[in-house]
Amino acid sequence: MNIKNYLPHRRIPIITYHQIATTSVAEDPERMAIPPERFAAQMAYLKQQSYQTLSLDQLTQAQASAQKQVVISFDDGFADNYQQAFPILEQYGFKATIFLVTARMGKHSHWTQSQYPMLTWAQIEEMQRYGIDFQSHTENHVDLARTEKQTALKELKQSKQTIEDKLGNAVTHLAYPYGSYSEDTLALVAEAGYQHAYASSMANNQILEQSRFNLYGRDKIFSYRLQTSLWGDWLRYWRWQLG
Ligand SMILES: [Zn+2]
């Protein structure tokens, strides 16, 4: 028995943001948005703590490193990511990934309580020139576990194709809308050509089921959660193992 196998594995947290906006409980009951000043403070914290930001491709190839590392990601592609987050990411030289709901770009979100403006392709292209990475969150924000197979496959393939055609980068990463997927979804995701897919909670070791550390507006104790995210996963893992 090697005690190392029973200790938590070092995992690089993937922080998930949605809107960077000040919202009321009525318009954002699930508190998905984070106020711009809190986002700014969190980025300043990462800088001050000498965190290195990784792209998702770098994450998949990451070697053990003494340096603190983190992935910054945004789901959906809200216009405020350009207005509020992008200037701060630029200021600190941080990398980030935005998962786009491709058919909604330049329009409004229809899956949120209130409708929010989405990024335009011009904004996306400008951010790509800086080095922001764009990956898929399906065409129309469908719940892949509850969508008929042919539709789900089309959503997966078309979203990947749209980003590849418009931006010219390879799209191999997917964030599941609502964090929702089933066994069938995994096969469709692989068939559509994705290599990595991200849910919102606990992970196992399968390449197509990677978990993320979700940070919403309600998470006030950012630094604490960042440092303990690994232990949280470990505890959840053992709770799961023990039934
Ligand atoms: Zn989403």
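Two residues are in contact if their C-beta atoms, placed from the backbone, lie within 7 Å. Counting contacts with a separation of 6 or more in this protein, 62% are accounted for by residues 24 or more positions apart.

Before we go on, two notes on reading what follows. This is a predicted model, in which local features need pLDDT of at least 70 and side-chain atom pairs count only at pLDDT 80 or more, while totals for chains, interfaces and linings use all residues. Residues are numbered from 1 along each chain as its sequence is written.

**Overall make-up**

The protein has seven helices and eight strands; helices (H or I, at least four residues) and strands (E, at least two) are DSSP runs, numbered from the N terminus. Of its 243 residues, 37% count as buried. Buried here means that 20 or more other C-beta atoms lie within 10 Å of a residue's own; with 12 or fewer the residue is exposed, and in between it is partly exposed, with C-beta atoms placed from the backbone.

**The core**

A nonpolar core is a set of buried Ala, Val, Leu, Ile, Met, Phe, Trp, Tyr and Cys residues joined through C-beta atoms within 7 Å. The largest one has 51 residues, and Val-71, Ile-98, Tyr-176 and Val-189 have the most contacts inside it. Helix 3 (residues 79–92) gives the most to this core, with five residues. In soluble globular proteins, nonpolar side chains tend to be buried together.

Take Ile-98 as an example: leaving aside neighbours within four places in sequence, its contacts are Phe-74, Gly-77, Asn-81, Ile-132 and Phe-134.

**Strands 4 and 5**

Strand 4 (residues 97–100) and strand 5 run parallel and are joined by four bridges; two strands pair if DSSP finds at least two bridges between them. Leu-100 has Ser-136 in strand 5 as its bridge partner. Between these strands the chain passes through helix 4 (residues 121–130), making a right-handed β-α-β crossover. Right-handed means that, with the strands pointing away from the viewer, the path from the first strand over the helix to the second runs clockwise.

Within strand 5, Asp-133 and Gln-135 point one way and Phe-134 and Ser-136 the other, and all are buried.

**Two loop residues with positive phi**

Most residues other than glycine have a negative phi. Here are two with a positive value:

| Residue | Phi | Loop | Other C-beta atoms within 10 Å |
|---|---|---|---|
| Thr-138 | near 70 degrees | strand 5 (133–136) to helix 5 (149–167) | 26, buried |
| Tyr-178 | near 60 degrees | strand 6 (173–175) to helix 6 (183–191) | 15, partly exposed |
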